[in-house]
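Open the model in your viewer and keep the sequence beside it. We will go stop by stop, selecting as we go.

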Amino acid sequence: MLKKVLLGSLGAALVLTAGILLGHFGIQKGSTTPGWVMDVTQDVDEALIQKFIAEVDNIAIQENLRELTKVPHMATSTGDEKTVQYMLKRWQDPDTGLDQAWREEYKVYLSFPDPNTPNKVTVVSPSDAVLYTAREKEKAYSPDQEDPEVVQPYAAYAPAGHPKGRLVYANQGKPSDYLLLNQTLDLTGTIAITRYGGEGRAGKAINAAPYGVIGVLVYTDPWDINDGKMSDTNETYPYSWYMPPSGVERGSFNTHYGDMLTPYLAAKDDTYRIPAKNITGIPPIPTQPIGFEDAYALICALGGEAAPSEWQGAFKCTYNLGGPGFKPTSTFNNSDVKLDIYNREELKNSANVMGVIRGSVEPDRYVIYGNHRDSWVHGAIDPSSGTSVMLEVTRVLGRMVKQGKWRPRRSIIFGSWGAEEFGLIGSTEYTEEYYSKLSERSVAYINVDISVFANATLRASGSPSAQSVILKASKQVKTPGSDSTSVYDNWIRYFNRTSPTYGVIPNVGFLTGAGSDYAAFIHFLGITSMDISYTYDRTKTRARIYPAYHTAYDTFDYSSKFIDPGFTSHQTVARTAGNVLMRLADSLLLPFNCSDYAETLEGYLNKALELYTDGLAAHSISIKPLKDAVSKFRFAAASLDKLIRDSDLADETPLKVRRINDQLMLLDRAFLDPVAFPDRYGFRHVIWASSNAGQPTFPGLADAYARATSTGLDSDWKEAHRQLSTLIQAIQGAAHTLGDVI
């Protein structure tokens with residue numbers, strides 16, 4: 001009896017629901033159409049995008065940057081707090097601010113030098129007499145370098161200590177560099193001097209310790225950053241953009257991102273913290289960065305055999321490996337290099353500044369735009385070029401909202417992240433704290449960190465499905481100084497690739513590492529992400545990055561004279577990134593293309609087939625299921641594309657549009673596997689995790705195959721098989737999400 005009653009009630013409810021829906025959507029046939037019908041079918045307004053582009057002001061961006069760089073603002077410093085207050089003031093402005101803005105605090109683990117006892121690098125005789133002392137501070141060319149808040153160059157998270165030993169030259173500090181060095185030298189008790197590039201900062205010391213090296217120096221070789229130029233009398237800053245001889249690249253020497261004491265947990269006051277001794281991925285031995293003028297004095301005095309030709313740099317001497325130690329003819333003969341490092345670690349409160357424009361139709365769908373706020377010193381390029389652009393984007397959009405001219409379909413969240421320079425901490429803690437909400441509701445993340453490296457061309461990286469919206473936006477913005485050439489047309493001259501689908505197009509790179517705040521969004525949460533900037537003509541310089549990077553010379557003066565005079569490249573980035581933002585927030589159908597993802601997977605597959613088919617087959621592992629999985633993904637993507645083409649979405653039920661949008665929005669999530677890389681914090685995306693193999697293909701498979709072929713161990717071939725199976729399952733799973741919902 002009860003069963004009949006329940007079934008009868010259920011049937012009545014279904015009939016009632018159907019009647020309501022028929023009546024609800026049947027209203028449009030009547031004389032009066034409810035306002036919500038027009039709202040839910042509204043698409044992106046091209047006139048509003050053109051209005052946004054026209055109102056972005058280069059002078060406003062210039063003044064933003066001037067304000068942001070008045071004082072050094074290293075994370076948690078007094079200057080950092082001033083920038084927090086400035087962001088809040090701007091985002092709470094009654095005329096141009098956002099709907100809401102607030103600060104969010106985290107208690108995070110940071111590393112600082114002792115301001116009262118500076119780190120020192122000296123050459124000492126057998127009697128401990130000091131023969132040479134490296135600079136403790138960079139040379140001042142303007143009052144900016146003389147600010148008392150300029151932090152001494154140091155290696156964040158390198159341990160304190162006082163190692164003393166004979167010097168050796170270890171090139172870039174890669175595992176292969178130390179292996180080669182160890183073939184001819186006993187490295188026990190030595191100090192290694194290495195150059196930036198080729199290996200992560202922390203890796204230069206982590207790779208050294210197993211060979212008995214007790215301390216590491218790091219410098220920037222003029223060959224790698226200055227095109228060989230070294231003189232500050234007429235070649236380097238303040239006469240050009242090149243790093244002066246005393247310039248030192250500061251940095252965080254860690255391999256993991258996020259707060260290191262609270263992995264996978266937001267770093268609040270009462271959060272559980274692992275013991276500091278359990279932290280991995282940081283230097284096990286004292287480490288210190290120095291300027292190339294000091295590196296010149298040390299390297300050119302080294303004895304021993306000449307280093308390989310590919311290890312040579314710009315100094316006017318032969319780079320020797322070391323005896324270990326110095327030449328007999330050197331004034332440093334029979335002397336040691338000593339490091340006195342006084343770094344200390346502290347728990348400090350660091351703030352994110354958050355702001356939101358609430359969506360009118362789908363407020364529970366978030367488009368997130370972010371950049372970090374903290375710098376090592378004044379940080380005009382890194383990160384304040386990005387912050388000045390973000391402030392201009394929010395000023396223009398905020399005024400449109402306040403004037404009642406626009407409100408986005410979806411909510412837009414802006415994030416000014418704290419403590420990024422110490423390992424992407426602010427953005428990572430945010431994703432950990434709001435993991436569930438962000439996983440379920442986020443459409444995309446746009447990162448604009450260093451907005452302008454230089455003023456030649458746009459550069460963008462992102463999820464393949466976001467390629468189409470980036471390219472479309474770039475076609476609508478004019479390149480600086482031209483009324484006819486689009487950013488797209490200029491970009492294709494500098495960075496292009498041949499697409500099997502589209503022919504020659506600008507090259508949108510991939511987010512394969514953890515170089516900025518996109519890391520937690522794409523690798524940890526699987527949110528479709530992109531990174532947008534302007535950069536230099538790489539045919540005209542070998543510089544691996546702009547030369548003042550992380551030095552005391554990254555100032556407003558440097559940016560306005562040598563990076564972007566007139567701030568028109570900043571303006572162009574603001575227009576392009578803002579265009580992308582408005583399309584993601586306003587389009588009825590999300591402007592993502594899953595077939596572009598299929599093309600990328602096919603490119604990765606072709607390289608994997610070329611490199612791994614025979615080696616895997618020799619161990620009875622078939623790569624054919626991977627080929628089948630990619631084919632299945634292509635078919636599913638093409639089917640969804642056809643469904644979209646065949647649908648008049650403005651005349652469909654809102655639920656159908658929402659269903660398709662969810663398929664597009666959640667695509668990158670489908671590639672997450674929480675156990676794919678168990679030893680690597682925050683890397684769960686099986687397509688975009690970083691790789692050491694150096695091959696343009698699937699990272700987990702590439703690394704596992706390289707290790708297996710190196711060791712020959714059965715356990716390593718089993719791991720290669722596991723990585724292949726993990727990859728196949730992820731691609732098949734992603735294909736299922738694009739197919740029919742049943």
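How many of the 5 residues of strand S2 are buried? Select residues 120-124 to find out. The count is 4, so S2 is mostly covered, taking buried to mean under 20% relative accessible area. Keep in mind that this is a predicted model.

**Stop 1: the sheet around S2**

Now add the partners of S2. On one hand there is S11, which pairs with S2 in the antiparallel sense over 5 bridges. Pick lysine 120 and look across: aspartate 340 in S11 stands opposite. On the other hand there is strand S3, residues 130-133. S2 and S3 also run antiparallel, joined by 3 bridges. Two pairs can be picked out here. Valine 124 faces valine 130 in S3, and threonine 122 has threonine 133 as its bridge partner in S3.

Between S2 and S3 the chain makes a hairpin with 5 residues between the strands. Select aspartate 128 there; this residue takes a positive phi near 70°.

Zoom out to see the whole sheet. It is open, has 4 strands, and follows the order S3-S2-S11-S5 with antiparallel pairing. Which strands stand at the edges? They are S3 and strand S5 (164-165). Each has a single partner strand, so one side of each is left without a neighbour in the sheet. A general point helps when viewing such strands: in a regular strand the side chains alternate between the two faces of the sheet.

**Stop 2: lysine 137**

Follow the chain onward from S3. Lysine 137 lies in the loop between S3 and helix H6 (143-146). Is lysine 137 buried or exposed? With 59% relative accessibility, lysine 137 counts as exposed. Now select phenylalanine 562 as well. These two residues are 425 residues apart in sequence, and their C-alpha atoms are 23 Å apart in space.

**Stop 3: the disulfide**

Show the cysteines. The structure holds 1 disulfide. It joins cysteine 300 to cysteine 317, with an S to S distance of 2.0 Å. Both cysteines lie in the loop between helix H10 (292-299) and strand S11 (336-340), so the bond ties together parts that are 17 residues apart in sequence. Look along the S-S bond: the torsion is about -75°, so this disulfide is left-handed.

Compare the two ends. Cysteine 300 is buried, at 17% relative accessible area. Cysteine 317 is partly exposed, at 22%. Then jump to cysteine 594, which is buried with a relative accessible area of 1%.

**Stop 4: helix H5**

Select residues 78-91, helix H5. Its 14 residues should span 20 Å at 1.5 Å a residue. The end C-alpha atoms are 20 Å apart, which agrees. The buried residues of H5 include Gly79, Tyr86, Leu88 and Trp91. What do the buried residues of H5 pack against? The neighbours are helix H4 (58-68), strand S1 (100-112), S12, H11 and strand S14 (410-417). Two of these neighbours, S12 and H11, come up next.

**Stop 5: asparagine 352 in S12**

Go to strand S12, residues 344-357, and pick asparagine 352. Asparagine 352 is buried, with a relative accessible area of 0%. Show its contacts. Among the residues it touches are Trp102, Arg103, Tyr106, Arg373, Trp417 and Tyr430. Gly426 is also one of the residues touched by asparagine 352. The side chain of asparagine 352 reaches the backbone oxygen of glycine 426 at 3.0 Å.

**Stop 6: helix H11**

Select residues 384-402 for helix H11. Its 19 residues should span 27 Å at 1.5 Å a residue, and the end C-alpha atoms are 26 Å apart, which agrees. H11 is mostly covered, with 17 of its 19 residues buried. Step just past H11 to glycine 404, which takes a positive phi of about 75°.

**Stop 7: two annotated spans**

Finish by colouring two ranges from UniProt. An unreviewed entry lists "domain: Peptidase M28" at residues 352-560. This span is 31% helix and 25% strand, and its end C-alpha atoms lie 27 Å apart. The unreviewed entry also places "domain: Transferrin receptor-like dimerisation" at residues 621-738. Over residues 621-738 the chain is 61% helix and 0% strand, with end C-alpha atoms 28 Å apart.

Technical notes
Residues numbered from 1 in each chain as written. Predicted model: local features only at pLDDT ≥ 70, side-chain atom pairs only at ≥ 80, totals over all residues. Heavy atoms only, no water. Helix = DSSP H or I, 4+ residues; strand = E, 2+ residues; numbered from the N terminus. Expected span 1.5 Å × (residues − 1). Buried < 20%, exposed > 50% of the residue type's maximum accessible area, 1.4 Å probe, protein only. Polar contact = N/O pair within 3.5 Å; in protein donor to acceptor, adjacent residues only side chain to side chain. Contact = heavy atoms within 4.5 Å. Disulfide = S-S within 2.5 Å. UniProt positions renumbered as here; feature names shortened; annotations may be inferred. Pairing = 2+ DSSP bridges. Lists of a residue's contacts leave out its neighbours within four places in sequence.
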